[in-house]
Amino acid sequence: MLMFGSLRASGHRKCSCLLVARRSSSTSSSTHNPPSVSLDFHRDASLAILTLCNAQRRNALTYSMMHQLDAHVNTLHEWSRDISQNSARVLILTGSGGSFCAGLDIKQDDDKDVLQDGREMTQHMSRVTNCIQALPVLSVAAIDGNAIGGGAELSTCTDLVVLSRQSTIKFVHASRGASPGWGGGRRLQKRVGRRKALRMLLLGESVFGEEEAEQLDYADYVAEEGESSLDAAMRLVVDPILNLPCSQSVRAIKRVVSVADGDEDVIDTASGRLRDVATDAT
């Protein structure tokens, strides 16, 4: 059995400081550390934080990072279904070094990889993003800096989005002769509506943190001036959710809303397992 409570922080301030320090150290030591994805558990394993770490390339995804994401998502599934602990409530998806994810860094890995086949990569990342969406806990994307291309798609697979004032979300697929293949097109349409989704996907219309601060559209929350998206997510989402009396209510409400939104095909509650959803090439 995995011990999800092995890494704990006793309070919001301690947890936030730990994360900021870890994010800063990853930036300064990025020349020594290979690209990676980290998964940490805090607050007596009620909070999971999934962090993209490839600061030199603004956290663009390498093949190895995609494999690590897949492995971590399997761990998150086990964590969220662990009846013995029954404390899982919130997942935060974020990036290190002041950026979220600048798409793909597929030249980074020299070794041959099965994901070098475009279809294999699409199916792999579609499964990963579908599984994040289907987790029974509340999921939040905390976005500093750029979320470009594949990073923009990642921002669609969480329940909520928190932006910093300096963040930008931009789908660049059409300008490169492609279309979102990880389920981002379908999720984007649900988030912003058909017309705005078409403008974002085909005309390159971007989302800017400063503009969202004036009138929320894509995002659910925008950080205060000088505040990171991670600290804002802790303050605006994590603390209120962790103050709720029962973790089961979080799961029940997530399920009710998912079914009402037409996502019941993603969540197989009968077996407690995540379905392998067909690749979305919209």
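Reader: Which residue in E2 does aspartate 40 stand opposite?
Author: This is a predicted model. In it, strand E1 covers residues 36-42 and pairs with E2 in the antiparallel sense. Strand E2 covers residues 47-53. The residue of E2 that stands opposite aspartate 40 is isoleucine 49.

Reader: How many bridges pair E1 with E2, and which residue in the turn of their hairpin has a positive phi?
Author: The antiparallel pairing of E1 and E2 runs over seven bridges. The two strands form a hairpin, with four residues between them. In that turn, a positive phi of about 55° belongs to arginine 43.

Reader: Is E2 largely enclosed or not, and why?
Author: One side of E2 carries Leu47, Ile49, Thr51 and Cys53, and the other carries Ala48, Leu50 and Leu52. Residues on both sides are buried, so both faces are covered. The strand is largely enclosed by the rest of the structure because the buried residues number seven of the seven.

Reader: Which residue in E3 stands opposite leucine 50?
Author: E2 also pairs with strand E3, residues 90-95. This pairing is parallel and has six bridges. Opposite leucine 50 in E3 stands leucine 93.

Reader: In what order do the three strands of the open sheet lie, and which are the edge strands?
Author: The pairing in this sheet is mixed, and the order is E5-E7-E8. An edge strand here pairs on one side only, and this holds for the strands at 146-148 and 207-208. Those edge strands are E5 and E8.

Reader: Which residue in E7 does isoleucine 148 stand opposite?
Author: E5 runs parallel to strand E7, residues 168-170, and three bridges join them. Isoleucine 148 has as its opposite in E7 lysine 170.

Reader: Is leucine 202 buried or exposed, and what is its relative accessible area?
Author: Leucine 202 belongs to helix H6, which covers residues 194-202. Together with Leu198 and Leu203, Leu202 makes a nonpolar surface patch of about 340 Å². A residue counts as exposed over 50% relative accessible area. Leucine 202 is therefore exposed, with a value of 60%.

Reader: What share of the residues in the protein is buried?
Author: The protein has nine helices and eleven strands. It exposes about 12900 Å², of which carbon and sulfur atoms supply 51%. Of its 282 residues, the buried share is 54%.

Reader: Among contacts with a separation of 6 or more, what share comes from residues 24 or more positions apart?
Author: The count takes in contacts in the protein whose separation is 6 or more. Of these, the share from residues 24 or more positions apart is 74%.

Terms used
Residues are numbered from 1 along each chain as its sequence is written. This is a predicted model: local features need pLDDT of at least 70, side-chain atom pairs count only at pLDDT 80 or more; totals for chains, interfaces and linings use all residues. Side-chain values use heavy atoms; hydrogens and water are left out. Patches are made of residues with over 30% relative accessible area and no salt bridge: like charges are joined within 9 Å, nonpolar side chains (Val, Leu, Ile, Met, Phe, Trp, Tyr) within 5 Å. Accessible areas come from the Shrake-Rupley method with a 1.4 Å probe; for residues, only the protein chains shown count as cover. A salt bridge is a side-chain nitrogen of Lys or Arg within 4 Å of a carboxyl oxygen of Asp or Glu. Buried means under 20% relative accessible area, exposed over 50%, partly exposed in between (1.4 Å probe, protein chains only). Two strands pair if DSSP finds at least two bridges between them. Contact means heavy atoms within 4.5 Å.
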